[in-house]
Amino acid sequence: MKEYAIKEHHLYNKAFAKGQRAVGKLVAVYVLRDYAARRLREANPQKQYLNRVGLSVGKKIGGAVQRNRAKRLLREGYRAVKAAGVKSGFLVILAAREEIREKKAQDVTAEMLRLFRRLEMIPQETV
């Protein structure tokens, strides 16, 4: 299932201001119900609700190479969360924190799974 990227700045601001948040040492996750989800579902060939995902990696992470690595880690972690059965029809913002620089993909994935469970986006019994 394809995920759509959040490209509009106002959607980032809305998710940061009004969304639920869970913050860990490596990643901060912001989740907000997507009001355009019904319209996107009708445009989708499979007629399924989709999440729109945005990545936020600040300059404190480092130079271009470190920021690109952080984005890759966030994408890979979200792919694992999606495989665990995340709810759909939401705006999801994944914000990298400074400590992500030295970490491996397994660490980021484990923390993201924990944060999504805390936000009740994944059922508790799912491993």
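Lys47 counts as partly exposed, at 46% relative accessibility. In this predicted model, Lys47 belongs to the loop between H2 and E4. When the neighbours within four places in sequence are left aside, Lys47 is in contact with Arg41 and Glu42. The C-alpha atoms of Lys47 and Tyr35 are separated by 16 Å, and these two residues stand 12 residues apart along the chain.

## The chain as a whole

The loop that holds Lys47 joins two of the elements of the protein chain. How many helices and strands does the protein chain have? There are four helices and five strands. Read from the N terminus, their order is β-α-β-β-α-β-α-β-α. The radius of gyration is 14 Å, close to the 14 Å that the globule rule gives for 127 residues, so the protein chain is as compact as a globular protein of that length. Along the principal axes, the C-alpha trace spans about 40 × 35 × 25 Å.

Contacts and burial add to this picture. Among contacts with a separation of 6 or more, 76% are accounted for by residues 24 or more positions apart. Of the 127 residues, 44% count as buried. The protein chain exposes about 7600 Å², and carbon and sulfur atoms supply 49% of that area.

## Charges and salt bridges

The protein chain carries 29 positive and 12 negative charges, and the mean positions of the two groups are 4 Å apart. Side chains of opposite charge can pair when their charged atoms come close. The structure holds four salt bridges, and the table lists three of them, including the distance between the closest N and O atoms.

| Salt bridge | N to O distance |
|---|---|
| Asp34 and Arg52 | 2.9 Å |
| Arg72 and Glu76 | 3.5 Å |
| Glu111 and Arg114 | 3.6 Å |

Where in the chain do Asp34 and Arg52 lie? Asp34 is found in the loop between strand E3 (27–33) and helix H2 (37–43), whereas Arg52 is in strand E4 (residues 52–56). The pair therefore ties together parts that are 18 residues apart in sequence. Are Asp34 and Arg52 buried or exposed? Both residues are buried.

The salt bridge between Arg72 and Glu76 has another setting, within helix H3 (residues 64–83). Because Arg72 and Glu76 are four residues apart in this helix, about one helical turn separates them. Arg72 is partly exposed, with a relative accessible area of 41%. Glu76 is also partly exposed, with a relative accessible area of 30%.

Glu111 and Arg114 form a salt bridge through their side chains, and both residues lie in helix H4 (residues 105–118). They are three residues apart, which is about one turn of the helix. How accessible are the two partners? Glu111 has a relative accessible area of 8%; residues under 20% count as buried, so Glu111 is buried. Arg114, with a relative accessible area of 40%, is partly exposed.

## Reading the pairs together

The pairs can be traced in turn on the structure. Asp34 and Arg52 link a loop and a strand, and both of these residues are buried. Arg72 and Glu76 are placed about one helical turn apart in H3. In H4, Glu111 and Arg114 are likewise about one turn of the helix apart, with Glu111 buried and Arg114 partly exposed.

Terms used: Residues numbered from 1 in each chain as written. Predicted model: local features only at pLDDT ≥ 70, side-chain atom pairs only at ≥ 80, totals over all residues. Heavy atoms only, no water. Rg over C-alpha atoms; globule rule 2.2 N^0.38 Å. Buried < 20%, exposed > 50% of the residue type's maximum accessible area, 1.4 Å probe, protein only. Contact = heavy atoms within 4.5 Å. Areas by Shrake-Rupley, 256 points an atom, 1.4 Å probe, with all protein chains shown as cover. Lys, Arg positive; Asp, Glu negative; His and termini not counted. Charge placed at Lys NZ, Arg CZ, Asp CG, Glu CD.
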